[in-house]
Amino acid sequence: MGTEWPQGRFPGEGAIAGAESVTYEPAPPHRLQDASELLAVEQVLARAFCDNPLNVAVISTQSAERRLRANRHALRGPLRAASAQGGVWVARSGPRIVAGLITTPPGLYPLPQPPLVSKLLGILGQGLRTASRWGEVHAALQALHPIEPHWYLSSLGVDPDAQGAGFGSALLGGWLERVDREAAPAYLETDRQATLRFYSRAGFQIKDSATLLGVPIWTLWRPPRE
Ligand SMILES: CC(C)(COP(=O)(O)OP(=O)(O)OC[C@H]1O[C@@H](n2cnc3c(N)ncnc32)[C@H](O)[C@@H]1OP(=O)(O)O)[C@@H](O)C(=O)NCCC(=O)NCCS
């Protein structure tokens, strides 16, 4: 499968969070090489998911700033665990990371829990109720998780100001090239109905649906490609 890079599919200039004006210079998506960049990925993903329905239901506060903070604490452990397996991919605009993807290779789900101290810091940073609700959600998702070996995409997020510019498609396409190299199936969950078309274009099909904390979610499966 050829990857369609976002080159030329968006204007030469645009606002990306925190920058006055940015010239888009998209580079092909790749695995994160340097752990010092994990903070940037954490920030991008925390912002990307801030207004997602499940995020709002779990972190039940109207304050986007508090949801953002809770997200960063919730992401820290899983990002480090995934990064240790080479499972963090990014897309950039110039030097800036604007999209992140967390994946688990076949047979490695669920990844090991972070060390106790990091886990406790994560729980305290999120707040006990939020951490316990995420625990419920993860247990429910784990019950739906397929047994057959597959590549798992646990998160794909684009910085909100850079969404709709092709970065998500490019990052997903780069990762799927890796998946297709070993003719493996792929699996993910989404709580945004609007993303079903985005994923179906890449070959995913709805496997299951469920309601968690009053929020509809879908699990998606992509059969192996020879
Ligand atoms: C879904 C997402 C990864 C797509 O990446 P993107 O760079 O914005 O998308 P692209 O420009 O490559 O492709 C555009 C497609 O993405 C979808 N899309 C774009 N912005 C979106 C948004 N804010 N929310 C949901 N879907 C969006 C649209 O369906 C669009 O498809 P269409 O042409 O059929 O309308 C990104 O919008 C995002 O981070 N959303 C929030 C987090 C999320 O829901 N992640 C998916 C669950 S793991």
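**Exercise 1.** In which loop is S60 found? Then work out whether S60 is buried or exposed.

*Solution.* Before we start, note that this is a predicted model, where local features need pLDDT of at least 70, side-chain atom pairs count only at pLDDT 80 or more, and totals for chains, interfaces and linings use all residues. Residues are numbered from 1 along each chain as its sequence is written.

Step 1: S60 sits in the loop between α2 (53–58) and α3. Helices (H or I, at least four residues) and strands (E, at least two) are DSSP runs, numbered from the N terminus.

Step 2: count neighbours. A residue is buried if 20 or more other C-beta atoms lie within 10 Å of its own, exposed if 12 or fewer, and partly exposed in between, with C-beta atoms placed from the backbone. S60 is exposed because it has 11 other C-beta atoms within 10 Å.

Step 3: look across the chain. S60 and T130 are 70 residues apart in sequence, yet their C-alpha atoms are 7.8 Å apart in space.

**Exercise 2.** Find which residues other than glycine have a positive phi, and classify their exposure.

*Solution.* Step 1: A183 has phi near 45°, and L213 has phi near 50°.

Step 2: place them. A183 belongs to the loop between α6 and β7; L213 lies in the one between β8 (205–212) and β9 (215–222).

Step 3: A183 has 10 other C-beta atoms within 10 Å, so A183 is exposed. L213 has 16 within 10 Å, so L213 is partly exposed.

**Exercise 3.** Track down the cis peptide bond.

*Solution.* Step 1: the bond joins Y109 and P110, with omega about -5°. Step 2: P110 is in the loop between β5 and α4 (116–126).

**Exercise 4.** Describe the shell around the ligand.

*Solution.* Step 1: 21 residues are around the ligand (C-beta atom, placed from the backbone, within 6 Å of it). G157, V158, Q163, G168 and S169 come nearest.

Step 2: β6 (151–158), α6 (167–181), β7 (186–190) and α7 (195–201) each supply at least two shell residues. β6 gives the most, with 4 residues.

**Exercise 5.** Which residues have the most contacts inside the largest nonpolar core?

*Solution.* Step 1: a nonpolar core is a set of buried Ala, Val, Leu, Ile, Met, Phe, Trp, Tyr and Cys residues joined through C-beta atoms within 7 Å. The largest has 46 residues, and V88, A99, F167 and L171 have the most contacts inside it.

Step 2: α6 gives the most to this core, with 7 residues.
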